[in-house]
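Me: I've got a new model open and would like to talk it through. Can you put it up so we can go over it piece by piece?

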Amino acid sequence: MGSFRNQLNIFFSATEMLRSILLLLCWLLLWRLAVLMEYAPHASIWFPPAGLSFAAFLVMGLRAMPVLLLCSIIATFWVDNMYQSEQDWLQLANSGILFGAAHCFTYWLGASLLRSMVKSLVADVLPKAILSFLVIGSVTALTAALLGTQALAISGMIQSSEVADIWLPWWIGDLAATIVLTPLFLGLLSWRYPQIDSWLAGLDFHLQDQPLQPYLIKQGICILMLSAIMLLAYAFPYPEVSFAVFFLIIPQMWMVYTETAFRATMSLAIFSVLTAIWVALLGLMEQALVYQFAITVIAASAYFGLAVPVLAAHNKQLRKLALNDGLTQVASRMYFFERAEQEIARARRYQQPVSLILFDVDHFKQINDDYGHTAGDTALVQVAEKILTDLRQSDLFGRFGGDEFMLLLPNSDLQHATDTAERLRQTLMRIALTQTPRRLSGSFGVIEVNPQENLQQAFERVDANLLQAKRQGRNQVVSSPS
Ligand SMILES: Nc1nc2c(ncn2[C@@H]2O[C@H](COP(=O)(O)OP(=O)(O)OP(=O)(O)O)[C@@H](O)[C@H]2O)c(=O)[nH]1
């Protein structure tokens, strides 16, 4: 009950009223545009209001219903004015309500289904969200076409016999617009409705600081290519020539991979509007179905392409998390062992020495207990930063866990590694911790890796040396020959 009252309050708020009026104006404008591109009665090459209805129901839910119903009724009166069907206003209102009910109910149902499906997906599943959108969008457009044509037949706007001819182009027109335009409308609406971001599984529609010029060049190439292909189809009126429009997938995918999601969807919208305009201008109505399919197929492929940069960014982030220790940013234990295996194998091949150092901060627990975990964390970060400045570029430095760190020194024999450990022990004592007045010290184990042993065995030996350094009173280096 509370939530219903909440919805009512939102519905009657000034901003929502303004949004509804804007929605009404945009819908009617797009509808007028669609009528301009009709190639047969009630069959437009594409029907942009369908994309807007789907996007509005996705974002606003049931709150969009009254406005979109009103749009459908106004459109019915408007269309009658054009076709002169001689119906009286009561019949027209009846037709409008029937058509509106078919259109709005279907798109609301489709949008609600998509919303609940996308919400139930766990993170990082953009391809699944895209697939759900394509499947539900197509079925919704089909249902809207079947119910819409029936509504017109029942209300007497068209003959029953015409339904069989109209439903397919009606569906493809709705489908092209729903598939191409819904994401763009969602992108535009996501500036005002931030909840959309969470459904997009990482896809960012908001403008980023990417240079405008390369985008404009790519957009220009897309427009030129499309215009050339359409003029070619006009000059050589064979059905085969019209299929050349499918080549547009190349520049569109180029756009998807290199530009922001918003620009890519914008480019698809420009492609579909221009195709529709060229078809209308050059009278290529015979091949309208080919162009409608091209628009839909290219858009559907492009959306899957949108998932690639998002997945690549996720992978990069996951790899960074796996390779680096989250707190100190030195190598993670997993990455250290992976690299150490490679280095030891390489050293064995070239018969070069390689050494391991394992060290542990003495009485670190005391810092946590006396000054808190944040002070402990800061101390670990300071230790890692300071040690890192004291190493060669080729040395590998990682965190084993807790206050234990490890080093792999390529091209270093036991003597060199022991000297390095001794230097680091002194470095540790010089660290001035920012959050505690404490001074640090560390215990070090050192070994030179024996050509016959594997990493596991080498690690056990260096760990034993560290343990001995602890037992012997801490703040010292214990090394042993191979
Ligand atoms: N602040 C902080 N503490 C950690 C972290 N990881 C482990 N610790 C703590 O580090 C302490 C490590 O203690 P130990 O190595 O067992 O012992 P110690 O106090 O260093 O004493 P010795 O090693 O015997 O000299 C434990 O209290 C852990 O809870 C971390 O990421 N941050």
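What follows is a chat about this predicted model, in questions and answers.

Me: Let's start broad. How many helices and strands does the protein chain have?
Reply: Of the 482 residues in the protein chain, 39% count as buried. Among contacts with a separation of 6 or more, 73% come from residues 24 or more positions apart. As for the elements, the count is 18 helices and seven strands.

Me: Which spans does UniProt list as "transmembrane region", and how much of residues 264-284 is helix?
Reply: The unreviewed UniProt entry lists residues 20-40, 52-77, 89-109, 130-158, 170-194, 264-284 and 290-313 under that name. Take residues 89-109: that span is 100% helix, and its end C-alpha atoms lie 29 Å apart. For residues 264-284 the end C-alpha atoms lie 26 Å apart, strand makes up 0%, and helix makes up 90%.

Me: Now the sheet. Which strands stand at its edges?
Reply: It's an open sheet of five strands with mixed pairing, in the order β4-β5-β3-β6-β7. Two of these strands have a single partner each, so one side of each is left without a neighbour in the sheet. From one strand to the next, the twist averages 20°. The edge strands are β4 and β7.

Me: Is strand β5 largely enclosed or largely open, and why?
Reply: In the sheet order, β5 sits between β4 and β3. It pairs with β3 (residues 354-361) in the antiparallel sense over seven bridges, and with β4 (residues 396-401), also antiparallel, over five. Five of the seven residues of β5 (residues 404-410) are buried, so the rest of the structure leaves this strand largely enclosed.

Me: Which residues stand opposite Glu404 and Phe405 of β5?
Reply: Strands of a sheet pair through backbone hydrogen bonds, parallel or antiparallel. On the β3 side, Glu404 has Asp360 opposite. On the β4 side, the residue facing Phe405 is Arg399.

Me: What links β4 to β5, and which residue in the turn has a positive phi?
Reply: These two strands form a hairpin, with two residues between them. The phi in question is about 50°, and the residue that has it is Gly402.

Me: At the other end of the sheet, do β6 and β7 pair parallel or antiparallel, and what is the bridge partner of Gly445?
Reply: Strand β6 (residues 442-448) and β7 share four bridges, and the sense is parallel. One of the pairs involves Gly445, whose partner in β7 is Val478.

Me: There's a ligand too. Which element gives the most to the shell around it?
Reply: The ligand is surrounded by 16 residues, the closest being Asp362, Phe364, Lys365, Gly376 and Gly402. Elements giving two or more residues to that shell are β3, α15 (364-371) and α16. By type, the shell divides into four nonpolar, five polar and seven charged residues. The top contributor, with four residues, is α16.

Me: Staying with α16, is Lys386 buried, exposed or partly exposed, and which residues does it touch?
Reply: Lys386 is placed in helix α16 (residues 373-389). Buried would take 20 or more other C-beta atoms within 10 Å, and exposed would take 12 or fewer; Lys386 has 16, so it is partly exposed. Its C-alpha atom is 7.5 Å from that of Thr427, although the two are 41 residues apart along the chain. Leaving out residues up to four places away in sequence, Lys386 touches Thr427 and Ile431.

Technical notes:
Residues numbered from 1 in each chain as written. Predicted model: local features only at pLDDT ≥ 70, side-chain atom pairs only at ≥ 80, totals over all residues. Pairing = 2+ DSSP bridges. Contact = placed C-beta atoms within 7 Å. Near = placed C-beta within 6 Å. Nonpolar A, V, L, I, M, F, W, Y, C, P; charged D, E, K, R; others polar. UniProt positions renumbered as here; feature names shortened; annotations may be inferred. Axes fitted to C-alpha atoms, helices over the stretch in contact; angles between N-to-C directions.
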